[in-house]
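Load the model in your viewer and keep the selection panel open. We will go from stop to stop, and at each one I will tell you what to pick and what to look for.

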Amino acid sequence: MKALVIGTGGREHALALALAQDPSVTEVHAAPGNPGIAAIATLHDVDPMSGESVADLAAEIGADLVVVGPEAPLVAGVADAVCARGIAVFGPSRAAAQLEGSKDFAKGVMNAAGVPTAGSRTCTTPEEVAAALDAFGAPYVVKDDALAAGKGVVVTRDREEALAHAAGCARVVVEEFLDGPEVSLFAICDGTTAYALQPAQDFKRIFDGGRGPNTGGMGSYTPLAWAQPDLADVVLETVVRPTLAEMARRGTPFVGCLYVGLALTPTGPRVIEFNVRFGDPDIQPVLAVLDSPLGAMLSAAADGRLGDVPAPVFRDEAAVTVVLASAGYPESSSKGDVITGVDLAEQRDGVDVIHAGTAIRDGELVTAGGRVLAVRAVGSDVAAARRTAYAAAELVSFPGMQRRSDIAAEPLGVVEGASLR
């Protein structure tokens, strides 16, 4: 099959790499892609937010499967435009993408489906926010109701900081704080059937020890030896299947990747949030150890026949991803800084350098976004993969580069941002 990946970031590079390794995938295309993706796919200069442009491209190249990577095109209805042309698309409709497009909508679905999640209040006035903060107490969790590129959430003990964040949003969801280590679980869904991928853990805050502001993610790893062995099955049963049933009941069946962000609390797994696409960077190590053909699985989900293909299996290995971010991130980002050492890092056994925010300028690789690169390594266990990832990351540099030094470090399974307790 010919596969077309929509997006520009690290998630799309990781997806393109995995698709290229599927024997059933004969061609990989990407729009608009990035310099890293260009090594394994044909790039097309198409606006990923334009459903008609994406659909035109898919028809022009004869794509058999379109995989929409980022959330913004999904919420904008790009999958609907592709589907209207009769082309298989892995990604939810505009209506179903409201599971990420609106935190309030997602909470309504979770509550209707009986999904274990944090208590919450949706607020539109300062008075409502203040009352909700008082009701739930510290640590305060305040979420922008709309899309915010992974940075719309503030978790803090500082009430003024919580109020200030809410004041900058049109509508917010204030929640109770869920105390426990966080886990990312991705479910491949065809509207009724779902397969869970291997759980991973993401490191959201910019500085070591889970300190500083939230980011889109500074690193991740899998497997999680400290988590309950049946976690994926439990989440499928208590979260994913009830959610799919509720979405179908509403007439908006969910096809695509349902990301379940979990807190493993003393009372069991509870949902922090839903996303409607693969998370970045937490999907990167998961795809590195996936031993099943990704294209065949995504195609089956897009066609509503996921049950016809085997459930995903994973190699008995570990993978660790370390993100290299630009100066100023996450508040801002430096662009145009020359990057060196990527070729040296990629020469290391078991290492991929995933491009997230890069560009070519005057023949040189330069920074073009907040999270610039991710160094991903596979090893016999988490410790081995971590050593390899950091040894390779040491070879890469650019001015102002930020990198956490504690991704997948012992002790594993700690609460990110534990100082909030």
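How many bridges join β7 to strand β8, and in which sense do the two run? Select residues 140-144 and 153-156: four bridges join these strands, which run antiparallel. Before going further, a word on the model: it is predicted, local features need pLDDT of at least 70, side-chain atom pairs count only at pLDDT 80 or more, and totals for chains, interfaces and linings use all residues. Residues are numbered from 1 along each chain as its sequence is written, and side-chain values use heavy atoms, with hydrogens and water left out.

**Stop 1: strand β7 and its neighbours**

Strands here are DSSP runs of E with at least two residues, helices are runs of H or I with at least four, and both are numbered from the N terminus. Two strands count as paired if DSSP finds at least two bridges between them. Stay on β7 and find Val-141, which stands opposite Val-155 in β8. Now add residues 172-175, strand β9, which is also joined to β7 by four bridges and runs antiparallel to it. Here Lys-143 has Val-173 of β9 as its bridge partner.

Show the side chains of β7 next. Tyr-140, Val-142 and Asp-144 point one way, while Val-141 and Lys-143 point the other way. In a regular strand, side chains alternate between the two faces of the sheet. Five of the five residues of β7 are buried, so the strand is largely enclosed by the rest of the structure. Buried means under 20% relative accessible area, exposed means over 50%, and partly exposed lies in between (1.4 Å probe, protein chains only).

**Stop 2: strand β10**

Select residues 182-190. Eight of the nine residues of β10 are buried. Add residues 255-265 to see β16, which pairs with β10 in the antiparallel sense over nine bridges; Ile-188 is partnered there by Cys-257. Then add residues 194-196, strand β11, joined to β10 by three bridges and running antiparallel. In β11, Ala-196 is the bridge partner of Ala-187. β10 and β11 form a hairpin with three residues between them, and Gly-191 in the turn has a positive phi of about 110°.

**Stop 3: the five-stranded sheet**

Which strands make up the open sheet of five, and in what order? Trace β12-β15-β18-β22-β19, with antiparallel pairing. The edge strands are β12 (201-202) and β19 (351-355), each pairing on one side only. For a closer look, select β18 (residues 318-325) with β22: eight bridges link them in the antiparallel sense. One pair to label is Thr-321 and its partner in β22, Arg-376.

**Stop 4: the second largest pocket**

Rolling a probe the size of a water molecule over the atoms shows where empty space is left. A pocket here is an open set of points on a 1 Å grid over the protein atoms alone, where a 1.4 Å probe fits, with protein on both sides within 12 Å along at least five of seven lines; lining residues have an atom within 4 Å of a point. The second largest pocket holds about 260 Å³ of space. Of its 18 lining residues, select the closest to the centre: Gln-21, Leu-287, Ala-288, Leu-290 and Arg-315. Helix α1 (10-20), helix α10 (283-288) and strand β22 (371-379) each supply at least two lining residues, and α1 gives the most, with three.

**Stop 5: Glu-12 in helix α1**

Stay with α1 and pick Glu-12, which has its place in this helix. Is Glu-12 buried or exposed? At 1% relative accessibility, Glu-12 counts as buried. Contact means heavy atoms within 4.5 Å. Not counting residues up to four places away in sequence, Glu-12 touches Val-5, Ile-6, Gly-7, Ile-37, Gly-69 and Pro-70.

**Stop 6: Val-115 and helix α11**

Move to Val-115, in the loop between α6 (103-113) and β6 (120-123). Val-115 is buried, with a relative accessible area of 6%. Measure across to Thr-238: the two C-alpha atoms are separated by 6.3 Å, although the residues are 123 apart along the chain.

Finish on residues 294-302, helix α11, where seven of the nine residues are buried. Among them are Leu-294, Met-297 and Leu-298. Just after α11, Gly-304 takes a positive phi of about 75°.

Methods. Points joined across faces, edges and corners; volume = space filled by probe spheres on them.
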